[in-house]
Amino acid sequence: MNPIGSPQRPLLVAIIGSGPSGFYAAEALLKQKALAVRVDMFDRLPTPYGLVRGGVAPDHQKIKNVILVYERIASSPEFRFFGNVKLGRALQAEDLRRRYDQIVYAVGNESDRRLGIPGEDLQGSRSATAFVGWYNGHPDYREESFDLSQEAAAVVGIGNVAMDVTRVLAQDPEKLKGTDIADYAWEALRRSRVRTVYLLGRRGPAQAAYSPAEIHEIGALEAADLVVDPTEAELDELSKSLLSDPEGKKNVEYVQAKAKLGDGTKPRKVRLRFCVSPVEVIGEGGRVKALRIEKNVLVPDGRGGVKARGTGQTEVLPVGLIFRSVGYRGTPIPGVPFDEKGGRIPNRDGRVLGPEGLLAGEYVVGWAKRGPTGLIGTNRPDSVATVKAMLEDATAGRFLSGSGDPDPEALPALLKGRGARFVTFADWKLLDRLEVERGARGGKIREKFTRVAEMLAAVSEDASVSG
Ligand code: NAP
């Protein structure tokens with residue numbers, strides 16, 4: 001019998017998820033020369049690229065150039081894409097365990113953290129995840145709507161997602177016109193009456209989670225002033241003593257300089273607040289009318305950092321819309337271990353950990369492995385590290401317990417047999433071309449298909465399978 005990893009019997013790997021971490025895992029597997037490998041990548045959507053397509057803001061097109069790298073990886077003859085296949089529906093984890101030697105979960109974090117305060121579910125109190133998905137034309141959020149007739153909005157959290165949401169809300173919509181923003185979102189933003197966005201950080205300027213480049217972008221908006229209260233821009237003694245990293249210093253200097261400029265004269269305002277936490281969403285008639293915030297002080301967190309502690313002193317912000325942007329979390333996949341508390345797939349250096357120890361042949365990469373931190377590029381070394389563990393295990397003969405099925409037709413036949421209609425990479429390239437053509441007609445980079453049914457209809461003539 002040919003050994004697994006030989007040209008006659010390549011190592012068969014299933015990657016679940018086609019965002020950056022999945023593609024970097026595929027790249028590392030296909031680049032190495034020690035073993036022959038075949039990669040099948042699955043995505044629940046007909047379209048690949050995860051947050052690069054559905055998360056990166058429309059005015060950050062350059063970031064999306066990483067897609068060129070992913071296209072090159074996908075062009076390998078040893079790579080196949082199965083879009084519109086959701087693990088836990090037409091395909092079960094057990095199906096993969098029987099047919100592959102190794103599985104990599106690259107499923108990211110599809111849900112978001114909550115604030116846990118009264119009134120959080122009132123109409124008008126939303127997650128940044130939903131807003132981002134909506135303006136990016138993600139099918140999950142296609143039917144959402146946001147009441148942009150409100151004059152003031154609050155964004156809770158000051159990470160880079162909060163910066164994206166704030167920029168989209170506060171900038172002149174004309175700046176987004178030619179981008180790949182969903183057409184319905186651009187129309188809604190054009191009619192938006194939001195003029196003030198409160199950006200709420202629970203800790204101080206030295207602990208802000210945004211990158212210097214992102215806060216500079218907000219500060220450089222043509223249509224909005226970035227307004228900082230001088231007293232909140234000042235550092236407390238504890239933060240002063242701990243401030244050492246260059247990014248933190250840059251952030252502090254920047255907001256302190258902005259704090260000297262006052263309110264400015266631009267028609268819109270981004271009011272960046274520090275050391276405040278939302279404590280209650282105040283409603284009227286079932287919808288958001290205001291947000292009560294509490295002033296915090298910073299105290300040692302016992303791990304060498306600082307945490308916020310409420311002072312009891314509160315203030316009410318008159319906002320009609322609230323976006324919580326306090327981090328993502330993972331969602332469980334049926335039949336795959338999940339750590340409810342951490343919102344991740346439990347693992348030891350990328351090897352999946354079940355209740356009775358490591359699961360041979362199962363791995364995890366990206367946010368599903370380490371939580372929702374880091375930029376797109378952070379995923380490359382992270383995936384390389386998991387692939388290293390996979391190759392070590394393969395060399396040591398540690399695989400999934402099924403025998404693997406090297407027949408390339410086995411998986412497509414299984415999906416067809418279950419009536420699942422999958423999308424190949426060639427189908428996606430057709431969709432891609434159609435989106436670019438639709439965009440060109442409206443003077444845009446691309447006009448996305450935003451409903452799965454539309455996507456499937458568009459490729460139906462070329463689709464390899466119908467179900
Ligand atoms: P993040 O960077 O972890 O920021 C989360 C923010 O929420 C922090 O300010 C955090 O404050 C705050 N927060 C958490 N719990 C809170 C609570 N209960 N009440 C009030 N505030 C709370 O997360 P993210 O913005 O979702 O971004 C996720 C990752 O994607 C990050 O690594 C980010 O850099 C990356 N990303 C990058 C870009 C870009 O490069 N353009 C764009 C989008 C996202 P504390 O610091 O006090 O915990």
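This section describes the ligand site and the internal cavities of a predicted model.

The ligand is surrounded by 22 residues. The closest are I158, N160, R202, R203 and G374. By class, this shell holds 10 nonpolar, eight polar and four charged residues. Helix α6 (residues 160-170) gives the largest share of the shell, with three residues. Domain 1 (11-110 + 329-423) and domain 2 (114-326) each contribute at least three residues to the shell.

Oxygen atoms of the ligand take part in several polar contacts. In the side chain of N160, an N or O atom is 2.9 Å from a ligand oxygen. V161 places a backbone N or O atom 3.1 Å from an oxygen atom of the ligand. For S325, the distance from a backbone N or O atom to a ligand oxygen is 3.5 Å. On its own, the ligand has 920 Å² of accessible area, and the protein covers 79% of this.

Two cavities of 30 Å³ or more were counted in the model. The largest has a volume of about 100 Å³. Its lining consists of L12, V13, R38, D40, R80, R99, Y100, D405, D407, A410 and L411. Strands β1 (11-16) and β2 (37-42) and helix α14 (410-417) each supply at least two of these residues. Six lining residues are charged and five are nonpolar, while none is polar.

The second largest cavity contains about 40 Å³ of space. It is lined by V107, G108, G330, T331, F338, G343, R344, I345 and A368. This lining divides into four nonpolar residues, four polar residues and one charged residue.

Conventions:
Residues are numbered from 1 along each chain as its sequence is written. This is a predicted model: local features need pLDDT of at least 70, side-chain atom pairs count only at pLDDT 80 or more; totals for chains, interfaces and linings use all residues. Side-chain values use heavy atoms; hydrogens and water are left out. On a 1 Å grid over the protein atoms alone, a cavity is a set of points where a 1.4 Å probe fits but cannot get out, and a pocket is an open set with protein on both sides within 12 Å along at least five of seven lines; lining residues have an atom within 4 Å of a point. Grid points are joined across faces, edges and corners, and a volume is the space filled by probe spheres set on the points. Helices (H or I, at least four residues) and strands (E, at least two) are DSSP runs, numbered from the N terminus. Ala, Val, Leu, Ile, Met, Phe, Trp, Tyr, Cys and Pro count as nonpolar, Asp, Glu, Lys and Arg as charged, and the others, Gly among them, as polar. A residue is near a molecule or strand if one of its heavy atoms lies within 4 Å of it. A polar contact is a pair of N or O atoms within 3.5 Å; within protein, one must be able to donate a hydrogen and the other to accept it, and residues adjacent in sequence count only if both atoms are side-chain atoms. Accessible areas come from the Shrake-Rupley method with a 1.4 Å probe; for residues, only the protein chains shown count as cover. Domain bounds come from an automatic or database domain assignment.
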